[in-house]
Amino acid sequence: MDKDFAARRRRDLIIAAVLAVIAALTPLFVKDVVVQNILILTLMYAGLSQSWNILSGYCGQISLGHALYFGLGAYTTELLFTKFGVLPWFGMLAGGVVSALIAMGLGYPFFRLRGHYFVIATIVIAEIGLLLFHNWEWAGAAMGITIPIRGDSWLKFQFLRTKLPYFYFALALCCLAWFVTWWLENSKWGFWWRAVKDNPEAAESLGVDVFNSKMGAAAVSAFLVAVGGSFYAQFVSYIDPESVMGFQFSLLMALPAVLGGIGTLWGPVLGAAILIPLTELTRFKFGGSGRGVDLIVYGTLIVLISLALPRGLLSLFSRPKKTGAAR
Amino acid sequence: MGLLYGLIAVGLALIFGLMDVTNFAHGEFLMIAMYLSFFLFAFFAIDPLLSAPLVAAALFIFGAVIYLLIVRFAMRAKANAGMVQIFTTFGLAIVMRGLAQFFFTPDYRSIPQSWLGGKTISVAGIFLPEPQLVGALVSILAFAGLYFFIHRTDFGRALEATREDPGAVALVGIDKNRVFAFGWGLGAALVGLAGAIMASFFYIYPDVGASFALIAYVTVALGGFGSVFGAFAGGIIVGLVEAVTALVLPPSLKSVGIYAVYLLVVFIRPRGLFGSI
């Protein structure tokens with residue numbers, strides 16, 4: 001079993017490296033801007049979903065309020081950039097740290113809650129954040145922030161003529177989130193988290209520090225999501241509360257992981273690779289009508305997939321042997 | 001207004017609170033009810049107040065059918081049942097919103113001259129808007145009815161027993177699906193009542209449900225899952241808190257008060273005010 005596990009982990013790492021190289025080469029063949037856009041979003045959501053999966057999948061604390069961290073990342077970066085001229089790279093880091101700290105601060109009261117009470121609390125806190133930013137004059141209130149154009153440069157992480165640098169950053173983010181998950185999966189934390197998810201009482205009695213392992217998961221998860229938020233802000237170069245902190249982001253982070261396989265290493269990537277292009281294509285194809293056909297198609301797909309494959313698409317491939325380590 | 005939130009929440013209290021099934025499409029049920037009430041008015045000139053029983057009956061059927069067609073299967077999932085329920089009902093909500101946009105267009109509609117709309121009644125020198133007053137009355141009746149129903153009838157006992165242990169319930173000859181389908185129907189019928197009353201004084205558009213849904217979840221959770229009385233109390237508290245917040249903070253922040261009170265309550269009592277689950 002142990003040997004199998006080590007072999008599987010090595011294989012996962014190799015597959016990931018191969019996939020990353022293939023992904024890195026795609027821009028050589030794909031010149032279409034619309035397609036590149038979809039690829040960037042897919043990679044970004046894969047990374048976000050992977051980060052969400054750390055807290056909600058591995059540790060079992062279902063959060064539908066991660067839009068808060070996404071928005072905090074975006075706002076911290078852009079406020080620092082537009083008001084104090086701090087480069088987005090530092091803003092990104094600052095956003096991550098702010099989000100991780102807030103996640104831990106919130107963790108104190110939140111992690112006492114169970115089940116629906118916890119989920120609703122996460123939705124509510126993100127909604128409070130959204131409303132506060134809506135009314136915060138200094139941060140642009142409902143008008144949001146338009147990021148001033150200072151020309152193409154890696155230093156300012158701003159590119160007007162090409163989308164390629166964004167593509168590579170999104171790829172790097174996705175790889176980072178995957179690698180962190182891969183690494184944590186086999187660490188003390190990874191085992192603690194799964195124990196906390198399956199049976200917190202039993203885990204506690206065996207000496208697992210339940211509270212701190214939840215805090216750790218929340219901090220890592222929030223940090224990575226905030227970096228994603230910073231990236232998104234630079235990518236779209238305009239943010240307002242609704243467009244970076246809306247409830248839909250919380251769902252879009254959760255959906256790929258759920259569709260692919262919650263609490264698994266590959267679930268979020270697989271889910272995002274299918275879901276995000278599908279979302280964008282239905283919007284592209286049917287969205288123009290303004291009659292909600294894209295919503296109908298999209299919603300129907302979600303219902304069908306979650307009914308047909310409650311454990312996610314990944315369960316199609318898994319052999320019984322593999323599930324021992326994944327769940 | 002608090003009792004209106006209560007009225008929207010009472011159906012959810014039954015589905016979400018008592019049967020422990022997540023329903024993220026609750027707001028969309030409300031939206032459907034409002035449209036029904038609107039069309040009954042537009043085509044047959046039936047006042048929302050009169051059509052309320054019709055709308056409730058239609059939503060009863062709708063709720064039961066949704067349960068039998070979709071939710072039943074979502075509950076069957078063995079692995080992460082909670083997530084499956086969340087996303088199935090959420091997908092359903094998106095479809096319903098899309099359908100509403102497709103058939104009814106995203107335009108805002110309202111019922112111009114209903115019996116209730118825009119009228120006020122003066123009680124001891126205080127002017128009260130009539131729709132809210134009627135809403136409050138219906139809400140109290142609905143809660144009382146549901147309370148009686150759950151605690152005094154065989155069906156109510158069957159419902160609670162089914163949630164507790166579907167296996168044991170099957171042994172004594174209760175059909176889980178029939179009980180839950182009826183429960184879903186009833187929950188939908190209650191939100192149908194709410195929709196009919198709200199249609200007479202609120203704008204009707206495809207996304208209208210979303211704005212009320214989160215407050216309905218908060219109301220149910222604030223009162224505590226598994227308690228009808230809790231949801232009623234939750235509704236009153238939510239209404240009061242909203243009114244007070246609107247006085248102190250800018251109106252766009254009025255929901256913040258509600259959310260903050262929810263957080264405060266569950267931090268002190270992790271199972272809500274009167275929760276048993």
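Of the 277 residues of chain B, 55% count as buried, in a model that is predicted throughout. The secondary structure of this chain comes to 11 helices and 2 strands, and from the N terminus on the elements follow the order α-α-α-α-β-β-α-α-α-α-α-α-α. Among the contacts in chain B with a separation of 6 or more, 76% join residues that are 24 or more positions apart.

**Confidence**

The model as a whole scores ipTM 0.80 and pTM 0.83. Chain A has a mean pLDDT of 80, with 91% of its residues reaching 70 or more; over its residues 320–327, however, the pLDDT is below 50, and this stretch has 6 contacts in the model beyond near neighbours in sequence. For chain B the mean pLDDT is 78, and 89% of the residues reach 70 or more. Within chain B, the element with the lowest mean pLDDT is strand β1 (residues 120–123), at 58, whereas the highest value, 85, belongs to α2(B).

**Two helix crossings**

Two packed helices are described by the angle between their axes and the distance between the axes. The table sets out one such pair from each chain.

| Helix pair | Axis approach | Crossing angle | Handedness |
|---|---|---|---|
| α3(A), residues 67–84, and α9(A), residues 210–236 | within 7 Å | roughly 55° | right-handed |
| α2(B), residues 26–44, and α8(B), residues 176–199 | within 7 Å | roughly 50° | right-handed |

In chain A, the axes of α3(A) and α9(A) cross at roughly 55°, and the two helices are therefore oblique to each other. On the α3(A) side, the residues that meet α9(A) are A:Tyr69, A:Phe70, A:Gly71, A:Leu72, A:Gly73, A:Ala74, A:Thr77 and A:Glu78. Facing them in α9(A) are A:Ala222, A:Val225, A:Ala226, A:Val227, A:Gly228, A:Gly229, A:Ser230, A:Tyr232 and A:Ala233. By class, the residues of this contact divide into 10 nonpolar, 6 polar and 1 charged.

In chain B, the axes of α2(B) and α8(B) cross at roughly 50°, which makes α2(B) oblique to α8(B). Here B:His26, B:Phe29, B:Leu30, B:Ala33, B:Met34, B:Ser37 and B:Phe38 of α2(B) meet B:Ala188, B:Val191, B:Gly192, B:Ala194, B:Gly195, B:Ala196, B:Met198 and B:Ala199 of α8(B). The contact of α2(B) with α8(B) has 11 nonpolar and 4 polar residues, and no charged residues.

Helix α9 of chain A also appears in the surroundings of another helix, α7(A), since what covers the buried residues of α7(A) includes α2 (33–58), α8 (200–205) and α9 of chain A. The buried residues of α7 (residues 188–198) of chain A are A:Trp192, A:Trp193, A:Arg194, A:Val196 and A:Lys197.

**A buried glutamine in chain B**

B:Gln85 is found in helix α4 (residues 81–104) of chain B. This residue has 22 C-beta neighbours inside 10 Å and therefore counts as buried, the cut-off being 20 or more. Leaving aside residues up to four places away in sequence, B:Gln85 touches B:Val21, B:Thr22, B:Ala74 and B:Met75. One of these partners, B:Val21, is 64 residues from B:Gln85 in sequence, while the two C-alpha atoms are 7.2 Å apart in space.

**The contact between the chains**

The contact between chains A and B takes 34 residues from chain A and 38 residues from chain B. On the side of chain A that touches chain B, α5 (115–134), α11 (247–260) and α13 (293–308) each supply at least two residues. By class, that side of chain A has 22 nonpolar, 7 polar and 5 charged residues.

A single residue of chain B gives a local view across the two chains: B:Leu214, in helix α9 (residues 208–223) of chain B, touches A:Ile123 and A:Glu127 when residues up to four places away in sequence are not counted. With 19 other C-beta atoms within 10 Å, B:Leu214 is partly exposed, because a buried residue needs 20 or more. Within its own chain, B:Leu214 is 190 residues along from B:Phe24, and the C-alpha atoms of the two are separated by 9.1 Å.

Definitions and conventions. Residues numbered from 1 in each chain as written. Chains lettered and ligands numbered in written order. Predicted model: local features only at pLDDT ≥ 70, side-chain atom pairs only at ≥ 80, totals over all residues. Contact = placed C-beta atoms within 7 Å. Helix = DSSP H or I, 4+ residues; strand = E, 2+ residues; numbered from the N terminus. Nonpolar A, V, L, I, M, F, W, Y, C, P; charged D, E, K, R; others polar. Axes fitted to C-alpha atoms, helices over the stretch in contact; angles between N-to-C directions. Parallel < 35°, antiparallel > 145°, perpendicular 65-115°, else oblique. Left-handed = near helix turned anticlockwise from the far one by under 90°. pLDDT = per-residue confidence, 0-100. Buried ≥ 20, exposed ≤ 12 C-beta atoms within 10 Å, placed from the backbone.
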